[in-house]
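Here are a few exercises to work through with the model open beside you. Try each task before you read its solution.

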Amino acid sequence: MRRFLLLVHRVPPDGDFSLNDLASGGGRMDEVAQAVGAAFLVSNGIRRDTELDLLLLRDGGHGRRVHLVGERLRYLNPDERSTAALLKNALVRAAGHEGRTLEASPGVFVGPGTEEDLLAFVRQPGAFWAEEGGTPLRSASVGPEAAGVLGDVLDPTPRERELLLASGIPRVRLGPRSLRASQCVVLLQNELDLREEAAPGGARAPASPGPGPGTPRGGLPATA
Ligand SMILES: C[S@@+](CC[C@H](N)C(=O)[O-])C[C@H]1O[C@@H](n2cnc3c(N)ncnc32)[C@H](O)[C@@H]1O
């Protein structure tokens, strides 16, 4: 299973933002929606082996948690506006159900979010923190059970950072540049795909036919 937790810092936890203003009033919900798409969408499909937490901690360590489950997920489309609508709907519906978690739409669970959610996440097997100062991904032991923590448009707050450092989970660097969270998720999913493919008994891609007897250099079979 692949799990990601995105620390979401500026999106209004009650969903009180306009779909016409995702970047400003939506607290960069555009980027959060793109990260959701990056986590789950492949060409013509959804990654069923993936779960994503959006953790919206606010002052005092309380807020909202949106938990997306690939196995059940429906109504996720490639455009960020419709993804933002799915998430806004979840946040708005949670406002009337303080203190408990509900499934706002298939595969989209929403409920209270606390620091304990972050702590529980980093206690899972394969937990790591995507951080620019970490160990290069290519030499890091990530997957097949992977649970990666990322910041959204902002790095973790001082308090989140304190919790992450105290947890002792490895820090993993995805490259020399500071990347967008959604780009990080794409890179991680791809790296996990490659490692899964290369693992013994893994889902290897069919070997491409090399030029052999009767096969001209162009790769087309020779005709009799
Ligand atoms: C947009 S970045 C945060 C802001 C960024 N540190 C900056 O100064 O612009 C969002 C998150 O993506 C992840 N990230 C970005 N670049 C990364 C890298 N090269 N390696 C690992 N994680 C990275 C981190 O989790 C980071 O908190």
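**Exercise 1: strand 8 and its partners**

A127 has A147 of strand 9 opposite it. Before going on, note that this is a predicted model, in which local features need pLDDT of at least 70, side-chain atom pairs count only at pLDDT 80 or more, and totals for chains, interfaces and linings use all residues. Residue numbers start from 1 along each chain as its sequence is written.

Task: find in which sense strand 8 and strand 9 pair, and over how many bridges.

Solution.
- Step 1. Strands are DSSP runs of E with at least two residues, helices are runs of H or I with at least four, and both are numbered from the N terminus.
- Step 2. Two strands pair if DSSP finds at least two bridges between them.
- Step 3. Strand 8 and strand 9 are joined by 3 bridges, in the parallel sense.
- Step 4. Strand 10 (residues 171-173) also runs parallel to strand 8, with 4 bridges.

**Exercise 2: the setting of T135**

Task: decide whether T135 is buried, exposed or partly exposed.

Solution.
- Step 1. Place T135 in strand 8, opposite V172 of strand 10.
- Step 2. Count other C-beta atoms, placed from the backbone, within 10 Å: 20 or more means buried, 12 or fewer exposed, and anything in between partly exposed.
- Step 3. T135 is partly exposed because it has 15 C-beta neighbours inside 10 Å.
- Step 4. Beyond four places in sequence, T135 is in contact (C-beta atoms within 7 Å) with A140, P170, R171, V172 and R173.

**Exercise 3: the shell around the ligand**

Task: work out which strand gives the most residues to the shell around the ligand.

Solution.
- Step 1. A residue belongs near the ligand if its C-beta atom, placed from the backbone, lies within 6 Å of it.
- Step 2. Strand 8 (127-136), strand 9 (146-151) and helix 5 (181-198) each supply at least two residues of this shell.
- Step 3. Strand 8 gives the most, with 3 residues.
- Step 4. Of the 17 residues around the ligand, the nearest are A130, L150, G151, L174 and L179.

**Exercise 4: two packed helices**

Task: what is the angle between helix 1 and helix 2, and how far apart are their axes?

Solution.
- Step 1. Helix 1 (residues 29-40) and helix 2 (residues 80-95) pack at about 95 degrees, with axes 9 Å apart.
- Step 2. The two helices are therefore roughly perpendicular, the term for angles of 65 to 115 degrees.

Notes:
Two residues are in contact if their C-beta atoms, placed from the backbone, lie within 7 Å. Axes are lines fitted to C-alpha atoms, for helices over the stretch in contact, and angles run from 0 to 180 degrees between N-to-C directions. Angles under 35 degrees count as roughly parallel, over 145 as roughly antiparallel, 65 to 115 as roughly perpendicular and the rest as oblique.
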